[in-house]
Each structure stands twice: as structure tokens, then as C-alpha cells.
Amino acid sequence: MHDIRSIRENPEAFDQGLRKRGLAPLSAELLALDERRRALLTELQTGQARRNEASKAIGAAKAQKDEATAAALMAEVAELKDRLLTVEQEETALGTQLEAQLASIPNLPLADVPEGADENDNALVHELGTPPALGFEAKEHDAIGPALGLDFETGALLSGSRFTFVRGAAARLHRALGQFMLDTLTREHGYEEAVPPVLVRSESMYGTGQLPKFAEDSFQTTDGRWLIPTSEVSLTNSVRDQILSEQELPIRLTALTTCFRSEAGAAGRDTRGFIRQHQFEKVEMVSIVTPDASEAEHERMTGCAEDILTKLGLAFRRMKLCTGDMGFSAARTYDLEVWLPGQARFREISSCSTCSDFQARRMNARYRPEGEKGTRFVHTLNGSGLAVGRTLVAVLENYQQADGSVAVPAVLQPYLGGLDRLEPKR
């Protein structure tokens, strides 16, 4: 959510940020609406003061038996009452309209975010690790997975396309990956583990920016609640409508949850295999920090996700997303893309974003700086650490063997009872 006062103070900077996002300038339209609303507020305040003054004068006039003056004042009060009701309704309508327009505008990009239209304009930050030399023609995960328990047919039978029934060795690997990620983030990187609700109210979806603009990308239940597209929604909203002390910050939370996305805008993309599912598991990281800590926290968070990929022995690269490829609430996003030998290309496996105070304004999440009476909005950050299903895909493709088996990365073997290889069913 944008601050109309900030737009008033620097409309040129606001419009420049929108231009970087590929959007038309909006400050003039927003400020005209705001000016009309503030004029009505002024009229409302002036009218209320005059009404109160006239009401007192009526009593004084009647006490002096000046009926003519009392009658004139009573007529004025009645007229003011009708006018003030109209003004109040108009001001409320304009305020609602202004808030709706502000809520539909994406966050402004930070100065270092590259301008661009789509993923082709993203900037490479660094590339780490070496893709494996398999010594044979690599297969994609949907060719390796079925013999290990990725049952696409049963998933489709039960629920339709983009659902998978995972069983056997693949299910064990999936569970091991999620547990390994949680353990790494909590034991080595200071995150507090949480088990949040996966059903949330509309206010929570609004708070992190999924509503109202992206309702079609999520699933809604018959009672009006929403299945979370990521536990970012639950974790970030845990500070909604709160005033925290500075000593409570930073707050770092992580959770492994099932997530749900309707993928309404992704028709035709990765419709086969395990890459893009309607239901999937993800380990999420969320940080709530003071404004002066958010830059360093973004680097820290992204480094935590990179650490998991490094421990798994997977080659990856970090990309800084351009303005045309960033999410609605993000001010800057780093994507981590893992190497998939079967596809012979890098694919996204984690997305880490700093949202400045954009989500905090929508949630009314604030903190009180030490020694100050006033409050400020917190900064929020979120990232994947990692998407479990996509990490499973990466392990299958990078650790595949010529005989159809899959070697187990050393860090995962303790989670699988010491097992060092997943054997396919014959």
C-alpha cells in the first residue's frame, strides 16, 4: 500500500517508479482525488464547528426569549445537518475510492532494480557450483520419477491435472528434503519454526498483496476463507495490527506447509511433471525488521536459501529480477535458479523479496523505536527456503544414475536411515 502523503511530497519520484514498472504515471489522478477528499474533510470540520456553535447560541437566544434568532439558528442547524450528512457520505466514498486505487498499485522498485519487460531482462548476480558430468544422456524428472514413486496418473485421476500422488522412495525423499530445510534454517540461521494455518481470511490475503488483484490465482473455500498460496501470508500477517517494540525485532519465522495455487495465469506452462502444481510443499522464510535493517536482511535471507542448495551439492545462479518480472508486493527480488540436467537449463527454485513497508501499511504493522513516542512501519521480507517439490526435481535430475537409480546427497542420508541410493521399481 502506498502512502498518499509521500505521493504528495514527491509525485515525480512516485511516477518515475511506476514508469520503471512499465505503468503510466498516476500521481495527478491520485492527488486530484485526495484534494477533493481533503476539501470535503475541511468542509465537514468547519460545518461541525459551526453547528456546535449555533446549537449553543440557540439555548442562549431562548434564554433571552429571542425567538426570531432562535428560529433562524434552528433552521441553520437543520440545513447544516443535511449538508454535513451529504459531505460525510461523499468523503467516505472518495476515501474508499482512493484506498482502492492505492491498493491496486504495485510496490515501487528500489533504485538498483534493472528495468525490463520480462525474465529475459533479469540480471545475473553470480553463479555457484558445477553442473554434474553424468557421462550419459540426462533424463528429465518426469522420466526418472515414476519408477521412484511420482505417480502422475493417480494424481490426475483423483484431482485432475497438476496434481501428483507421491509414494515410496519419492515420498521419503520429499519428506527428507523438507525436514533438512527446516533443520538448516532453525539450527544454523536463527529462524523460529512455526506451524501456521493454511486457511486464512481475506484480510490476511489483502495484507500481503494477494487481494484484491490476484484473487483468481488462489483457491477460495465456500465459507469465504482462502487456501494459502504460500505461508508468507500466514507468517507475515502474524504481526498484523500490532505495535512491536524495537527490541522484538528482527522476527524471523520459517514453516513447511502445503500451498495451493490455481495458476489461472499460467496456462500451458509446465503442465506435465512436478514443476508447476496446484498443490505443493514449500519451506518459507519471513523476516520482520526495522527499515534500516532490511537491506542487509535481504542479502542474509537469500544467502540462507543459497546455503541449502550448496549443502545439497546443486549448481545454481542468483538472478536480480527486472521491474517487469517482479511480484506485486516486491521492491526487489532475487531468484535462485537451479541447474536441471534433463532440461539443460536453470529453473527457479527460490524467490527472495524485500517489500519495504508496502505490506506493513496494508497490515498496519508498526514498531516503536527505542526512546521515541511515535511509531513507524516495519519492513517485511519473504523467501523460499526452498520449494520442496522443485528441489526433489533437482535432486532426481542431478543425482540420476545410468541404471535409473538416484544417488542420495550426503546431507540427506541421515534423514533416510543412511540410505545412499534410491532404487527404481522394476
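In this predicted model, strands β10 and β11 run antiparallel and are joined by 5 bridges. Residue K320 stands opposite Y334 of β11. A second partner of β11 is strand β12, residues 345–354. The pairing of β11 with β12 is again antiparallel and extends over 9 bridges. Here the bridge partner of Y334 is C352 in β12. Y334 is thus placed opposite K320 and also bridged to C352. The connection between β11 and β12 is a hairpin with 4 residues between the strands. Within that turn, A344 has a positive phi of about 55°.

Strand β11 is mostly covered, with 9 of its 9 residues buried. In a regular strand, side chains alternate between the two faces of the sheet. In β11, R332, Y334, L336, V338 and L340 point one way. T333, D335, E337 and W339 point the other way. Both sets are buried. Charged residues are found in each set: R332 in one, D335 and E337 in the other.

The loop between β10 (316–320) and β11 (332–340) holds S329. The relative accessibility of S329 is 9%, so this residue counts as buried. Setting aside residues up to four places away in sequence, S329 touches N107, T208 and G209. Further contacts of S329 are C355, F358 and Q359.

Strand β8, residues 251–260, is also described as mostly covered: 7 of its 10 residues are buried. Two pairings involve β8. Strand β4 (residues 192–193) pairs with β8 in the parallel sense over 2 bridges. In this pairing E193 stands opposite T254 of β8. Strand β9 runs antiparallel to β8, and 10 bridges join the two. T257 has K282 in β9 as its bridge partner.

Strand β9 spans residues 279–289 and contains E284. With a relative accessible area of 2%, E284 falls under the 20% limit and is therefore buried. Neighbours within four places in sequence are left aside in what follows. E284 is in contact with T230, S231, E232 and L235. L253, T254 and A255 are also among the contacts of E284. T254 thereby appears twice, as a contact of E284 and as the residue opposite E193. The list for E284 also includes N382, G383 and S384. E284 and S384 are 100 residues apart in sequence. Their C-alpha atoms are 4.7 Å apart in space.

A further sheet is open and has 3 strands, in the order β7-β13-β14, with mixed pairing. Its edge strands are β7 (243–245) and β14 (376–377), each pairing on one side only. Strands β7 and β13 (residues 366–368) run parallel and are joined by 3 bridges. L244 stands opposite Y367 of β13.

Two helix pairs were examined. Helix α7 (residues 168–188) packs against helix α10 (residues 294–311) at an angle of about 125°. The axes of α7 and α10 are 11 Å apart. Angles over 115 and up to 145 degrees count as oblique, and α7 and α10 are therefore oblique to each other. The crossing of α7 past α10 is right-handed. On the α7 side the contact involves F180, M181, T184, L185 and E188. These meet C304, D307, I308 and K311 of α10. By class, the contact of α7 with α10 comprises 5 nonpolar, 1 polar and 3 charged residues.

The other pair consists of helix α2 (residues 11–20) and helix α3 (residues 27–63). Their packing angle is about 135°, and their axes are 9 Å apart. This angle makes α2 oblique to α3. P11, F14 and D15 of α2 make the contact with S27, L30 and L31 of α3. The contact of α2 with α3 divides into 4 nonpolar, 1 polar and 1 charged residues.

Methods: Residues are numbered from 1 along each chain as its sequence is written. This is a predicted model: local features need pLDDT of at least 70, side-chain atom pairs count only at pLDDT 80 or more; totals for chains, interfaces and linings use all residues. Side-chain values use heavy atoms; hydrogens and water are left out. Axes are lines fitted to C-alpha atoms, for helices over the stretch in contact, and angles run from 0 to 180 degrees between N-to-C directions. Angles under 35 degrees count as roughly parallel, over 145 as roughly antiparallel, 65 to 115 as roughly perpendicular and the rest as oblique. A crossing is left-handed if the near helix is turned anticlockwise from the far one by less than a right angle, and right-handed if clockwise. Contact means heavy atoms within 4.5 Å. Buried means under 20% relative accessible area, exposed over 50%, partly exposed in between (1.4 Å probe, protein chains only). Two strands pair if DSSP finds at least two bridges between them.
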